[in-house]
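Please work through the exercises below with the sequence and the structure at hand, and try each task before reading its solution.

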There are 6 protein chains.
Amino acid sequence: MAKPRHIGVYPGTFDPITRGHLDIIERGLKLFDVLIVAVAESLSKAPLFEVDERLEMIGHEIKKYGNVRVESFDSLLMDYMRKKKATTVLRGLRVISDFEYEFQMALTNRKLDPGIETVFMMTAENYAPISSRFIKEIARLGGNLSAFVTPNVAKKLKEKYGLE
Amino acid sequence: MAKPRHIGVYPGTFDPITRGHLDIIERGLKLFDVLIVAVAESLSKAPLFEVDERLEMIGHEIKKYGNVRVESFDSLLMDYMRKKKATTVLRGLRVISDFEYEFQMALTNRKLDPGIETVFMMTAENYAPISSRFIKEIARLGGNLSAFVTPNVAKKLKEKYGLE
Amino acid sequence: MAKPRHIGVYPGTFDPITRGHLDIIERGLKLFDVLIVAVAESLSKAPLFEVDERLEMIGHEIKKYGNVRVESFDSLLMDYMRKKKATTVLRGLRVISDFEYEFQMALTNRKLDPGIETVFMMTAENYAPISSRFIKEIARLGGNLSAFVTPNVAKKLKEKYGLE
Amino acid sequence: MAKPRHIGVYPGTFDPITRGHLDIIERGLKLFDVLIVAVAESLSKAPLFEVDERLEMIGHEIKKYGNVRVESFDSLLMDYMRKKKATTVLRGLRVISDFEYEFQMALTNRKLDPGIETVFMMTAENYAPISSRFIKEIARLGGNLSAFVTPNVAKKLKEKYGLE
Amino acid sequence: MAKPRHIGVYPGTFDPITRGHLDIIERGLKLFDVLIVAVAESLSKAPLFEVDERLEMIGHEIKKYGNVRVESFDSLLMDYMRKKKATTVLRGLRVISDFEYEFQMALTNRKLDPGIETVFMMTAENYAPISSRFIKEIARLGGNLSAFVTPNVAKKLKEKYGLE
Amino acid sequence: MAKPRHIGVYPGTFDPITRGHLDIIERGLKLFDVLIVAVAESLSKAPLFEVDERLEMIGHEIKKYGNVRVESFDSLLMDYMRKKKATTVLRGLRVISDFEYEFQMALTNRKLDPGIETVFMMTAENYAPISSRFIKEIARLGGNLSAFVTPNVAKKLKEKYGLE
């Protein structure tokens, strides 16, 4: 009998997707048969990019990988995981404040569904300081984005801020 | 002459009260002759529950204890402490980010009134990941709240989000 | 040939300037021939004081130093640095959460311009717990501000909150 | 053609193996086709248990799992990984000080062999405070070890300290 | 019927007692009817001062307080607590690394005896950087100790290092 | 009248000097007229390299800079600073645990001599995970050291461990 496929989910807001996120996807996909990048629709804070824009930007970057796909979700992550028959959440860790938040979220999720695991990978140190908050501030002020996002995402950011 | 009663104050927003808060109350009340749960009215961010609702929910949970009562306050905590002849602030510590914030608040309060002390107790590890922010998000998305809040609070949360 | 002047920039929001900021200025000015206190105009969150008010309050405090001046800026810090021929950013460190944020900002800035350095000084422990957020809350509730800001800034805070 | 087996390595000193380690093994084995528990022989600090004792204690606990085995190693972890054709290091994270050390080790290992990844799983909160250092101290003073280690390991600890 | 006396225990190595420790004792004694300063005899690392010397130095400093006494113990802290009918452990918190260690110790102790609580107080910021390790290094090199320890302890430190 | 020369001191054990240390020296020398790399002789833990070996290795690396020199010292850093008429200590910050230790040391030094400042620079992220402890372990086990130390230091490390 065939072993079931090992499905991982990499959830986030991706507003927008950064080189740090792409680094985690590239290294994380080796752990799974299928990796789903799951874009959270429902946010307390209004995102800069609509869900469709975020899906498009991610789709553009991941089309080179055979076993990665992107979807949006608007439910509890644990409910989404069960619907997808996914057993493992993938998350990137950068700095200590990440750790705190991720620790809380992983333990909260474990209380909601003890059968689903969270695994963490370290973001490459080169991408460690990249936060969406800083990237949007740099974009707004017309700074050079090439170290932080891909050319396609840089173009979208400039369009958003009316700088193109 | 009788020793004066040792009055402790456990201040917070309690929006809403969690099992973690209740754990601190239950263990903290042993330190004091009287413990006052003090609900902060004035908040920069609009709370989900009105002060009256928060008072009611807390009152429901603490009525089993003889020496705990709940009040609201809308002044500097140090001024409220003096008015109540309370000498000790009780706070729960969960994770490192708590520590930072609590450290700042305790030292700021000490500058405002050096005669009033702050004592900390560790939240039981079982309740450590519980944050009001996550609980409200889980409630909004219809998740199971029983690990995080009491049945009465879970009911109020569901009502707020129109899920009941 | 004369060695070029060593120009440092101490950037921030200064909403309002605190005794902790003044401590960093006083100790930091020894490192540079000229130190510019640079007030960030553009803010995601609406500041309590207008840029002009913040410039005036800082100007009042630094007039006693010969080699410190205050300016506002509304561009990327790295662009502002180059325009001023400044080579070093000065930042104060208080607590661990500062460190995280400062680490990210310093590394992000280094990616934008590797020729500009960031140096950090420790805020005197006496001023370590002072955060603008707490100070504004204390001012709003009518608390004593003398441990946190100068008399002039305290007066301005009280005026803002209609308490004078 | 068959996909190559995904081999993970869980390295450590395991002096002795704790309930926290066993929790990571039980949850980590789902990520791999084979998981090797790799006991580090060479230690700056003299361990309490000989390598053979540590191998025996771990073997006793893992014999119930089909795809987990235990080995010792006395080389650079990255060299051992290549020899075993293993591509992923598994590590448990408990508290913030773990994070710092693990961050350093993972980035150092990545510099030595960029093709090998490190993944982290959170130790169940129930086992989070368990450190070998505390366990040995409790054992030495005759305390109850059942919350921290299995009965077999508790027995070995008591023998070591001549308490049996 | 009389309420039982509330006995607190402040455990540590006190090698030697610092101004930071004395600050915690002075502020902590208000929480309890009796506060016992409990000197740990058994140490992995050889202390600079013998237990008797440490007891003497502490006794010298606390004789001015009516409800504080000093004892040594050479057992599990939780066993010592029960023997003393003490219900609360008092600990000082200084910096984040303290927090980590204290968090582990408090949760470990809670597993050993859930009926005994640990409460924390913040060391005054003026004493926050004082660690026994630094103090001994400063003493060894003949530095001025008056900011860190009392004159009596400074004298004993100088005698230890043959500087008197 | 000429402005006095601004002398900085970069103290440490340098057992051995790493690429991370060299990064701090190269970026730090811009802050000062003269930068002294000060090698601490007296150590609680026995270093791998003698003071003379450490001085020689550092001298080899810094001879390309005009305003950097290396010395050893065996006294309180603050006493050494005064003897050298140096006013500023330079330290590198890598990770959070550095921060804690550095925070304590800087505040302790400030108590010993309030006229001497400590400034911090961030180690380039590429060198952030480099710790002497890990480097010595990698050297002992015959690993490739080129990412962590210069060729000259790598050669000395191999000689120490009898691998050359």
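The exercises that follow concern salt bridges in this predicted model.

**Exercise 1.** Find how many salt bridges a search of the whole structure gives, and then describe where the partners Glu56(D) and Lys156(D) lie in the chain.

*Solution.* The search, taken over all chains, finds 78 salt bridges. In one of them the side chains of Glu56(D) and Lys156(D) meet, with an N to O distance of 3.9 Å, which falls within the 4 Å that the definition requires. Glu56(D) belongs to helix α2 (residues 51-62) of chain D, while Lys156(D) belongs to helix α6 (residues 151-160) of chain D, so that the pair, 100 residues apart, links distant parts of the chain.

**Exercise 2.** Decide whether Glu56(D) is buried, partly exposed or exposed, and do likewise for Lys156(D).

*Solution.* The partly exposed class lies between the limits of 20% and 50% relative accessible area. Glu56(D) has 37% relative accessibility and therefore counts as partly exposed; Lys156(D), at 22%, counts as partly exposed too.

**Exercise 3.** Explain how Asp79(D) and Arg82(D) are placed along their helix, and describe the salt bridge they form.

*Solution.* Both residues lie in helix α3 (residues 77-83) of chain D, and because they are three residues apart, about one helical turn separates them. The closest N and O atoms of their salt bridge are 2.5 Å apart. Asp79(D) is partly exposed at 31% relative accessibility, and Arg82(D) is partly exposed at 41%.

**Exercise 4.** Name the residues that are linked with Glu117(D) in a network of salt bridges.

*Solution.* The network links Glu117(D) of chain D with Asp23(A), Arg27(A) and Lys30(A) of chain A.

Definitions and conventions:
Residues numbered from 1 in each chain as written. Chains lettered and ligands numbered in written order. Predicted model: local features only at pLDDT ≥ 70, side-chain atom pairs only at ≥ 80, totals over all residues. Heavy atoms only, no water. Helix = DSSP H or I, 4+ residues; strand = E, 2+ residues; numbered from the N terminus. Buried < 20%, exposed > 50% of the residue type's maximum accessible area, 1.4 Å probe, protein only.
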